[in-house]
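User: Could you take a close look at one part of this model for me? I'd like one connected account of how that part sits in its surroundings.

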Amino acid sequence: MALVRTVCVYCGSGFGRNPAFREAAEVLGTALAKAGMSLVYGGGDVGLMGAVARAVLEGGGHVTGIIPDFLQARENMLEAVNETIVVPDMHTRKRLMFERSDAFVTLPGGIGTLEELVEQLTWAQLGRHRKPVVLVSVDEFWAPLLGLFDHMRDHGFIRDGLDLSYLVTPDAQGVVPLLQAAGREADERAEAFVTTRM
């Protein structure tokens, strides 16, 4: 079965100005732990990153932090995680986060968060993976980006057959059900493929 067992979370190394962002990170971490889903994240103890990781740990879940050596001090590496992987650069970090994850969830964040999200959307668009990508649009945080995607479609830069594959939920409680449903759909596609090949 194509279960989602490990979830990579992209999010800010700050908290942002809206208290709902921090609350969403904590709710997400708790929900992942309760569902038995492990967390892969950027390894820091700051901002939303630290909040989601601590919530997973407090819920009894497993956390893997992957952090480049030059960010260990800046992002105050969270020592309490189950596994810490220190890598030489951002490219290695992103590759390992991809390889170790069954799905990707994006909370509010800045340029780094946006870059990580867009990379996964691009790879999926190019057929390099079929892992679920979920945007948690707390207080419509991602609405401008979703509007930009529509703008790109309207101008013919996101064409039929190369559309983006992502799921959106307005709150962190909606993430686990979306991931579970995506796992079931992947199962059904795989079974249909096997049936047609027989």
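Analyst:
**A close look at His-129**

Happy to help! His-129 sits in the loop that runs between helix 4 (111-125) and strand 6 (133-136). Please keep in mind that this is a predicted model, and that the distances below come from its coordinates.

Is His-129 buried or exposed? With a relative accessible area of 6%, His-129 counts as buried, because the cut-off for that label is under 20%.

Next, the polar partners. The side chain of His-129 comes to 3.0 Å from the backbone oxygen of Gln-120, a residue within the span of helix 4 (111-125). A polar atom of the His-129 side chain also lies 2.9 Å from the backbone nitrogen of Lys-131. In both cases the partner atom belongs to the backbone: an oxygen for Gln-120 and a nitrogen for Lys-131.

Now for the wider surroundings. Which residues does His-129 touch, leaving aside its neighbours within four places in sequence? The contacts are Phe-98, Phe-104, Gln-120, Trp-123 and Ala-124. Gln-120 thus appears in this set as well as in the polar pair at 3.0 Å. Trp-123 and Ala-124, both contacts of His-129, have numbers that fall inside helix 4 (111-125) too.

Put together, the picture is of a loop residue that is buried at 6% relative accessible area, with its side chain reaching the backbone of Gln-120 and that of Lys-131, and with Phe-98 and Phe-104 among its other contacts.

Definitions and conventions. Residues are numbered from 1 along each chain as its sequence is written. This is a predicted model: local features need pLDDT of at least 70, side-chain atom pairs count only at pLDDT 80 or more; totals for chains, interfaces and linings use all residues. Side-chain values use heavy atoms; hydrogens and water are left out. Helices (H or I, at least four residues) and strands (E, at least two) are DSSP runs, numbered from the N terminus. Buried means under 20% relative accessible area, exposed over 50%, partly exposed in between (1.4 Å probe, protein chains only). A polar contact is a pair of N or O atoms within 3.5 Å; within protein, one must be able to donate a hydrogen and the other to accept it, and residues adjacent in sequence count only if both atoms are side-chain atoms. Contact means heavy atoms within 4.5 Å.
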